[in-house]
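Subject: Structure handover

Hello,

Here is the structure we talked about handing over. Please load it first, then read the notes below it.

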Amino acid sequence: MKTGLYPQLALNGIKKNKRLYLPYILTCAGMVMMFYIVSFLARGETITKLRGGTMMQFCLQLGLGVIGVFSLIFLFYTNSFLIRRRKKEFGLYNILGMGKVNLARVLIWESLIVSAVSLLGGMFCGILFSKLAELLMLNILQMETDFSLSISLDSIVYTVVLFAIIFFLILLNTLKQITVSKPIELLHSENAGEKPPKANWVVALAGVVIMAIAYYIAISIEEPLEAIMWFFIAVVLVIIATYLLFIAGSVALCSLLQKNKNYYYKTNHFVSVSSMLFRMKRNGAGLASICILCTMVLVMVSSTVCLYMGAEDSLRKRYPRNILSDVTVSEIADLNADNVKVISDTALKIVEENGEQAENVLNYNYAVFNGTYENGKVTTSEIEKVSDQTIVFIVSLDDYNKITGKSETLSENEVFVNTSKGLKLQKNSIVIEGGKSFSIKGSVDKFIDSNLDTMNVLPSIYLVVKDFEGAVSPMMNLANFKGDRLVYLHNFFGFDLSCKDEKQVDIYTEISDTIQSGSITANGLENRTIECAAFDRAEFFELYGSLFFLGILLGIVFIFAAVLIIYYKQMSEGYEDQSRFDIMQKVGMNKQEIRKSINSQVLTVFFMPLLISAIHLGFAFPMIYKMLMLFAITDLAFLIYVTLGCFAVFTLCYIIVYKITSKAYYSIVSGAKE
C-alpha cells in the first residue's frame with residue numbers, strides 16, 4: 001500500500017465519524033487547556049509574589065494532580081466508546097484484505113491527528129485564556145494585577161509531555177483491542193453481549209449494605225475533626241456502592257418493571273424496558289460514573305461557594321475586632337498587673353496619635369488547657385491521641401457580664417457552659433482532674449466575642465465561673481500528659497477602627513513594632529501576639545478564594561466529563577437501537593410512539609443519576625457542614641440555601657443536556673426512516 005494511503009484513510013475515518021470524534025477532540029483539547037491553565041497559575045510569578053501564595057500554590061498543585069489523573073482515566077473511558085463504534089468498520093477493512101499491521105498504521109495516524117489537533121487547540125486556548133483565568137482568580141482574591149500576557153514554557157512542556165503519554169497509552173490500548181480480535185468478532189462487536197443479564201441480587205444487596213454503611217457514617221459523625229478523617233472513607237464506600245447498585249441494581253430494577261404487567265405491556269414502556277435490560281450490565285457503569293461526577297460537582301461547588309461567600313463572616317469570627325492583642329502571663333496576679341495594662345494603653349495611645357478612635361473595645365482574661373472530656377469529666381493526665389482532645393477555656397463571670405451587658409449570677413461551685421463543634425455535654429456537672437468540680441447552672445447560646453474557637457480544629461468547652469482565681473489556682477502546678485505545664489493564662493484585648501484597611505495596617509504595624517521592640521517592661525509576660533484583620537485579609541481570602549477558584553475549575557472539568565459520558569451513552573445506544581426501532585416501525589410502530597418510547601427510556605435512566613446524586617448530597621450534608629465548621633462557617637441556613645441554589649443551577653444544566661442528547665438520540669434512531 002502507498003504510504004500516503006494510511007493518513008488519508010485515517011482522516012476519512014475521522015470525518016465520517018465526526019459526530020463521535022468532534023466531541024472527543026474538543027474534550028481532549030479542553031482537558032489540555034484546563035491542565036495548562038492550572039499549571040500556569042501554580043507556577044506563575046504572580047502567585048509567588050502574593051502574601052499566602054504558598055498556600056494557594058499548594059491548592060493549585062493538588063488540583064493539577066486531580067486533573068492529570070482524571071484526564072488519564074476519563075480519556076481512556078471515552079475512547080472506549082469510539083473504539084466500540086469503529087470496530088465494525090475495522091472488521092470490514094480486515095475482511096477486504098487489510099491486515100492487522102495495516103489497521104495498526106491507520107490507527108496510529110488517527111491517534112497522531114487527534115493528538116496533534118487536541119494539543120495544538122488546547123495549548124492555544126490555554127495560553128489565550130490563562131490571563132483571563134489569572135484575572136478571574138485575582139478578582140476572587142480581591143487583588144490587582146497588570147494586563148500583560150505571559151507564557152510559561154515549563155507549563156507547556158509539562159502539559160505536552162503528560163498528554164503525549166496519555167494519548168500513547170490510549171493508542172496502545174486501542175491497538176491491543178484491534179489486533180487480538182478476530183475479523184468476525186470486530187464485525188459483530190456492536191451486537192456482543194445481547195443476552196439479557198440476570199439480576200444479581202447478591203451484588204445488588206451488597207451495594208445496598210455498603211451504601212447504608214456510608215450513609216450511617218455520614219450522619220452519625222458528631223465532631224468536625226472526626227468528620228475529616230471519615231469523609232474519604234465514606235466517599236470510597238459511596239463510589240463502590242454506586243457502581244454496584246447501577247450495574248446490578250439497575251438490572252434488578254428492570255427485571256421488576258418487566259414483571260409488572262400493568263407497566264411493562266404498554267407501547268412506550270415495552271420497548272424501552274426491554275432495551276434497557278439488554279444494555280444495563282454494560283451501561284450501568286456509565287450511569288454510575290455520571291452519578292459520581294454529578295455528586296462530586298455538587299459537593300465541591302456548594303462547599304467552596306459557601307466558603308467563599310461566607311469568607312467575610314469567617315474573617316470576623318477569626319478577628320472579632322480589627323486589631324487584637326493576646327498576652328500570655330506566668331501567674332494569675334500578672335493578669336491585672338501594669339505590665340499587661342501598659343500594652344493596651346500603648347495601643348490606644350498610638351491610635352489617638354494617628355487621629356483615630358478605638359471602638360468596641362474588648363478586654364478580658366482567660367485560662368486555657370487541653371484534656372479529654374468523657375462522661376462529665378475532663379481528664380488531663382492521659383490522652384491517647386490528638387483527635388481525642390478537648391480545649392477548655394475558663395473566664396470569670398465579671399468579664400462575661402461586662403462584655404455581654406448581662407447581669408447573670410452564680411454560686412461558688414456553679415458554672416455557665418458553652419460548647420463548640422458539635423460537642424455535647426453528658427451530665428449536669430463537670431469534673432476537672434486535679435481541679436474543682438462544678439454543677440452546670442445553664443448554657444449560654446453565644447459566647448463572648450473572641451477568636452478562641454475559630455483558631456482551633458478541636459471541640460471546646462467554655463466555663464464561666466464566679467471565682468476565676470479559685471477555679472484556676474488548683475491547676476497552676478499541674479502537668480499535662482506530656483509533662484509540660486497544663487494551664488496557660490491570657491489577657492485578650494481588641495478594638496475596631498473606622499478608617500480604611502490601609503490605615504488600619506499602618507496603625508497595626510506601629511503598634512506591633514512598639515510592643516514587640518522590648519521597650520515595654522516584660523516582667524511576667526511570656527508571649528505577646530498582635531494581629532490585624534486588614535493585614536491578614538489577603539492571606540485569609542487567598543485560602544478561601546483559592547479553594548473557590550479550584551472548585552470552579554474542577555467543577556467545569558467534571559461537568560465536561562459528565563456531559564460527554566451522557567452524550568456518548570446516548571449516541572452509542574442510539575446506534576444500537578436503530579435497527580430495533582426500524583423493525584418496530586415496519587411492524588406498525590409510528591414515529592409518535594417511537595418518541596414516547598424514547599422519552600420513557602431516557603427519563604427512566606437519564607434522571608436516575610441526578611436523583612441518586614441528590615440523595616448522596618443529602619446524606620453527605622451533615623458531614624460537609626461539620627467540616628465547614630472548621631473554617632468558621634457555622635450558619636446552617638446559609639449552607640442549606642447555597643447548596644439548594646447550586647443544585648437548582650446544576651439541575652437546569654442537566655435538563656438542557658437531556659434535551660440536546662435526547663434529540664440527537666431520536667434523530668439517530670428514526671434516521672433510517674426520515
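What follows is a short account of what was found in it.

Please keep in mind that this is a predicted model.

**The chain overall**

The chain holds 20 helices and 10 strands. Of its 674 residues, 51% count as buried. Its accessible surface is about 31100 Å². Carbon and sulfur atoms own 61% of that surface. Now take the contacts with a separation of 6 or more. Residues 24 or more positions apart make up 84% of them.

**The largest pocket**

This is probably where you will want to look. The largest pocket has a volume of about 1700 Å³. Its lining counts 48 residues. Nearest its centre lie Phe231, Phe232, Met296, Val299 and Met300.

Which helices build the lining? At least two residues each come from α4 (53-95), α8 (201-220), α9 (224-259), α11 (267-309), α17 (533-586) and α19 (608-629). The most come from α4, which supplies 11 residues.

The chemistry of the lining is easy to state. There are 41 nonpolar residues and 7 polar ones. No charged residue takes part in the lining of this pocket.

**The largest cavity**

Searching the whole structure gives 5 cavities of 30 Å³ or more. The largest cavity has a volume of about 180 Å³. It is lined by 14 residues. Asn79, Glu110, Ser111, Ile170 and Thr174 lie nearest the centre of this cavity.

Four helices each give at least two residues to the lining of the largest cavity: α2 (18-43), α4, α5 (100-140) and α6 (153-180). Here α5 gives the most, with 5 residues. Helix α4 thus appears in both linings, that of the largest pocket and that of the largest cavity.

How does the lining of the largest cavity divide into nonpolar, polar and charged? The split is 9 nonpolar, 4 polar and 1 charged.

**Two buried serines**

Start with Ser152. Ser152 sits in the loop between α5 and α6. Its relative accessibility is 14%, under the 20% limit, so Ser152 counts as buried. The side chain of Ser152 makes a polar contact with the side chain of Ser155, at 2.9 Å. Beyond residues up to four places away in sequence, Ser152 touches Tyr36 and Phe40.

Then Ser396. Ser396 belongs to strand β4 (residues 390-396). Is Ser396 buried or exposed? Ser396 is buried, because its relative accessible area of 12% is under 20%. The side chain of Ser396 reaches the backbone nitrogen of Asp399 at 3.2 Å. Setting aside neighbours within four places in sequence, Ser396 is in contact with Val464, Val465 and Phe468.

**Two asparagines with positive phi**

Most residues other than glycine have a negative phi. Two asparagines go the other way. Asn360 has a positive phi of about 50°, and Asn375 has one of about 55°. Neither is a glycine.

Asn360 lies in strand β2 (residues 359-374). Asn375 lies in the loop between β2 and β3 (377-379). Asn360 is partly exposed, at 48% relative accessibility. Asn375 is partly exposed too, at 47%.

**Two pairs far apart in sequence**

Ile640 lies in helix α20 (residues 636-669). Its relative accessible area is 34%, between the 20% and 50% limits, so Ile640 counts as partly exposed. Ile640 and Ser302 are 338 residues apart along the chain. Their C-alpha atoms are separated by 9.3 Å.

The other pair is Glu352 and Ile507. Glu352 lies in helix α13 (residues 338-353). Glu352 counts as exposed because its relative accessibility, 61%, is over 50%. Along the chain, Glu352 and Ile507 are 155 residues apart. The separation between their C-alpha atoms is 10.0 Å.

**In brief**

For the pocket, keep in mind the volume of about 1700 Å³ and the lining without charged residues. For the cavity, keep in mind the volume of about 180 Å³ and the 1 charged residue in its lining.

Best wishes

Methods:
Residues numbered from 1 in each chain as written. Predicted model: local features only at pLDDT ≥ 70, side-chain atom pairs only at ≥ 80, totals over all residues. Heavy atoms only, no water. 1 Å grid on protein atoms, 1.4 Å probe; cavity = no way out; pocket = protein on both sides within 12 Å on 5 of 7 lines; lining within 4 Å. Points joined across faces, edges and corners; volume = space filled by probe spheres on them. Nonpolar A, V, L, I, M, F, W, Y, C, P; charged D, E, K, R; others polar. Buried < 20%, exposed > 50% of the residue type's maximum accessible area, 1.4 Å probe, protein only. Polar contact = N/O pair within 3.5 Å; in protein donor to acceptor, adjacent residues only side chain to side chain. Contact = heavy atoms within 4.5 Å. Areas by Shrake-Rupley, 256 points an atom, 1.4 Å probe, with all protein chains shown as cover.
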